[in-house]
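Welcome, and thanks for taking a look at this one with me. Below are some points to follow with the model open beside you.

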Amino acid sequence: MSAGNVPDCGAPCQEALAQLERYLDGELPDTTLEQIKTHLVACYPCTDRASFEEQLRAIVRRDCVDAPPPSLLVRIREHLATVDDER
């Protein structure tokens, strides 16, 4: 791998990694999605990178969720009640 943990096996890797975020977010059109899937099956460094990104996202989803303070919830409910009354 090259600096920055980016595989340096050529244009197919660069294209796959450029689309990786959209791939993981499920935002790619079907044809591009299949191209990325095909590349990941054949390229261990890119598969490793995709796996790392997926695991990182899972950790962030699991551990980086703060509950809002109760006072904020009260203020939001009060505001929404005011908006409903104005309609």
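1. Let us begin with Glu53, which lies in helix H4. Please keep in mind throughout that this is a predicted model. Is Glu53 buried or exposed? Its relative accessible area is 13%, so Glu53 is buried, the cut-off for that word being under 20%. If you set aside the neighbours within four places in sequence, Glu53 is in contact with Leu20, Glu21 and Leu24. Helix H2 covers residues 20–24, so you can find these partners there by their numbers.

2. Next, have a look at helix H1, residues 11–18. Which residues of helix H1 are buried? They are Cys13, Ala16 and Leu17. These three sit on the same side of H1, because they cover an arc of only 95 degrees around the axis. A general point helps here: an α-helix has 3.6 residues a turn, so residues three or four places apart point the same way. Turn to the other side of H1 and you will find Gln14, Glu15 and Ala18, which are exposed.

3. What covers the buried residues of H1? The cover includes helix H2 (20–24), H3 and helix H4 (44–63). It is worth showing these helices together on your screen when you go back to the buried side of H1.

4. Now for the meeting of H3 and H4. Their axes are 6 Å apart, and the two helices pack at an angle of about 110 degrees. H3 and H4 are therefore roughly perpendicular to each other, as angles from 65 to 115 degrees are counted that way. On the H3 side the contact is made by His39, Leu40, Val41 and Ala42, and these meet Tyr44, Cys46, Thr47 and Ala50 in H4. By type, the residues of this contact divide into 6 nonpolar, 2 polar and no charged.

5. One of those contact residues, Ala42 in helix H3, deserves a second look. Ala42 is exposed, with a relative accessible area of 69%. How far apart in space are Ala42 and Arg61? Their C-alpha atoms are 29 Å apart, while in sequence the two residues are separated by 19 places.

6. Two further residues of H3 are worth comparing. Thr32 belongs to helix H3, which spans residues 30–42, and counts as buried at 18% relative accessibility. From Thr32 to Gln19 the C-alpha distance is 8.7 Å, with their positions 13 residues apart along the chain. Glu34 is also placed in helix H3, but at 44% relative accessibility Glu34 counts as partly exposed. Between the C-alpha atoms of Glu34 and Asp66 there are 36 Å in space, for a separation of 32 residues in sequence.

7. Finally, the cysteines. How many disulfides does a search of the whole structure find? The count is 0. Take Cys43 as an example: the closest cysteine sulfur to its own belongs to Cys13, at 3.6 Å, and that is too far for a bond, because a disulfide needs the two sulfur atoms within 2.5 Å. Cys43 is buried, with a relative accessible area of 8%, whereas Cys64 is exposed, at 54%. Cys13, the partner in that distance, is also one of the buried residues of helix H1, so you have already met that residue in the second point.

Methods. Residues are numbered from 1 along each chain as its sequence is written. This is a predicted model: local features need pLDDT of at least 70, side-chain atom pairs count only at pLDDT 80 or more; totals for chains, interfaces and linings use all residues. Side-chain values use heavy atoms; hydrogens and water are left out. Helices (H or I, at least four residues) and strands (E, at least two) are DSSP runs, numbered from the N terminus. Buried means under 20% relative accessible area, exposed over 50%, partly exposed in between (1.4 Å probe, protein chains only). The arc is that of the directions from the helix axis to the C-beta atoms. Contact means heavy atoms within 4.5 Å. Axes are lines fitted to C-alpha atoms, for helices over the stretch in contact, and angles run from 0 to 180 degrees between N-to-C directions. Angles under 35 degrees count as roughly parallel, over 145 as roughly antiparallel, 65 to 115 as roughly perpendicular and the rest as oblique. Ala, Val, Leu, Ile, Met, Phe, Trp, Tyr, Cys and Pro count as nonpolar, Asp, Glu, Lys and Arg as charged, and the others, Gly among them, as polar.
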